[in-house]
Structures are given as C-alpha cells and as structure tokens.
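Trainee: Please choose the largest pocket of this model and take me through it slowly. I would like to know which parts of the chain surround it.

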Amino acid sequence: MLPPIMTISPAGLRQALDQLAELRESEATLDEAMQRIASSTAALFGVDATALLLVDRDQVLRNVAAAGPLPAVLEQLQVEHDEGPAVDAFDDRQVVHTDDLATERRWPAFSPAAVGRGLVAVLASPVPYSDQAVGVLAVLSSASHPWEDADREAIAAFTDLAALLVLNAMQARERGRLAIELQGALDSRVVIEQAKGVLIGRHRLAPRQAFERLRTQARDERRPLVEVARAVVAAAQRR
C-alpha cells in the first residue's frame, strides 16, 4: 500500500512563509537562507527531498541547497542527459510536475535513469530574476505523487521568496560567495544569448538548438561555454 499523500493546509503554508520571511531582516547569509528554504519546503510538503538549484556560468543548474539524498541524483542526471523537469521549468519559466517518472514520456533518457536511482516524482518551479529565470526550486519524491493545485501554489510561493532573497543579495553592498557566482552566471548569459542570436540568424536554428550547438562545441573543444560564445560573437562582429 502506498503511503498517504500529505495535503498542504493554507494555515501550514502561511506559517512556513511567515517564518521564512524573517530571513529578509536576519543576518543569515544567502547560503544559509537558501538552505533554510530547502529544509522548510521539504518539511511542508512531507516528501523525501527538496533541491534549490541556481544556474552556473555555463548555464547549468547546480544544487546550492538541498534536503535529502535525491537532489544529487536530479542534478547529475539532468547534466548527463540534458533534459528533465527542472530543465524544462528553467527554460520555459513555468511550474513543471510529473506524478510518476516510470510512466513519463517527456524525458526519454532522464526518466528511466531517475527511477533506477530512486527518484519517481518531481514538482519544479523556476526562480525568477528580472525577466529571466536564475534557478529552480524542486520537490522530490521516491514514490509516485499526484501533485494537487495546492502543491503548485505552495511551491510558487516558496519560489517567490527564494527569488526575493536572491534579489536582495544581488543588490546588497556586501555580497557573499553565492551572490558573486550568480552575478557571474548572469553576466555570461548576456554573451551566450548574443551568440545564440548569431547562430539563429545564420543557420535558422531554434533557440534551444543554438544553445546545444554552443554547448557541444564547448565540450568538444574543452573550453568554457562563455568563452566559445564570446568567440562566436567576435567572429560575427568582424564580418
């Protein structure tokens, strides 16, 4: 028999958000605040794990805070297969969920590999920054989980708070390691988007195809993605 699915109560969500909102005025570092969000999210949802991922300079989602063992599985398999619920949530900037990866067809490489590693259900919400996404908050379960509207509303609320903390950290005069790394990721994205535009115009590619071409070249040449992007932009400017 499957374990009962925990239903999130409005009172429980409000209490959790009130507690986390205190982080805005606390002296906690961004790293500590992100870890508290991950832990609180796992407790509220009553699931096996949560992962808070932020994008790095190569525009790859990396765990910066986690609760439970499954976040490492999520990160590794998404990097390996270049697909998955958190990748889609980040790219499309909308909440993505899957009740059971064993029957999921959207990610043909990721899904069976995840089930084989004990990851079965995922609810992922993008962390917004300006008009883009800078990361994803993901709720992870080792058993099938029929996500309800209340679950999607709750993770969106937690994600908004995470975004506010990121914004505060980026605007703060004294910035920690995580904020500095995130600024580097945002700076590199500007160049990568320019390079994608060059490839889209030159080869009539879709944005995702242009990004994959850049990443493939970076892997083949063993160079940072942003370095390859700069070379593409520089070559286009010389023409």
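Mentor: What follows starts with the model as a whole, goes on to the pocket, and ends with the elements around it.

This is a predicted model, in which local features need pLDDT of at least 70 and side-chain atom pairs count only at pLDDT 80 or more, while totals for chains, interfaces and linings use all residues. Residues are numbered from 1 along each chain as its sequence is written, and side-chain values use heavy atoms, with hydrogens and water left out.

The protein chain holds nine helices and five strands (DSSP runs of H or I with at least four residues, and of E with at least two, numbered from the N terminus). Following the sequence, these elements come in the order α-α-β-β-α-α-β-α-β-β-α-α-α-α. Of the 239 residues in the chain, 46% are buried (under 20% relative accessible area with a 1.4 Å probe and protein chains only; exposed is over 50%, and partly exposed is in between).

The largest pocket contains about 500 Å³ of space. A pocket here is an open set of points on a 1 Å grid over the protein atoms alone, where a 1.4 Å probe fits and protein lies on both sides within 12 Å along at least five of seven lines, and lining residues have an atom within 4 Å of a point. The volume is the space filled by probe spheres set on those points, which are joined across faces, edges and corners.

The pocket is lined by 22 residues, and the closest to its centre are Gln59, Phe90, Asp91, Arg208 and Phe211. By class, the lining is made up of nine nonpolar, three polar and 10 charged residues (nonpolar being Ala, Val, Leu, Ile, Met, Phe, Trp, Tyr, Cys and Pro, charged being Asp, Glu, Lys and Arg, and polar being the others, Gly among them). At least two lining residues come from each of α3 (70-81), α4 (85-92), β5 (132-141), α7 (177-203) and α8 (207-221), and with five residues α8 supplies the largest share.

Let us now go round some of these parts in turn. Gln59, one of the residues closest to the centre of the pocket, sits in the loop that joins β1 (49-55) to β2 (61-67). Because its relative accessible area is 11%, Gln59 counts as buried, and its phi, near 60°, is positive although the residue is not a glycine.

Between α3 and α4 there is a loop that holds Asp82, another residue other than glycine with a positive phi, in this case near 55°. In α4 itself the buried residues are Pro85, Ala86, Val87, Ala89 and Phe90, and after this helix comes Arg93, whose phi is also positive, near 55°.

The helices α7 and α8 have a further partner, since the buried residues of α9 pack against both of them. Those buried residues are Leu225, Val226, Val228, Ala229, Val232 and Val233. Arg202, which belongs to α7, is partly exposed because its relative accessibility is 35%. Apart from neighbours within four places in sequence, Arg202 is in contact with Ala236 and Arg239 (contact being heavy atoms within 4.5 Å). Although Arg202 and Ala236 are 34 residues apart along the chain, their C-alpha atoms are separated by 9.6 Å.
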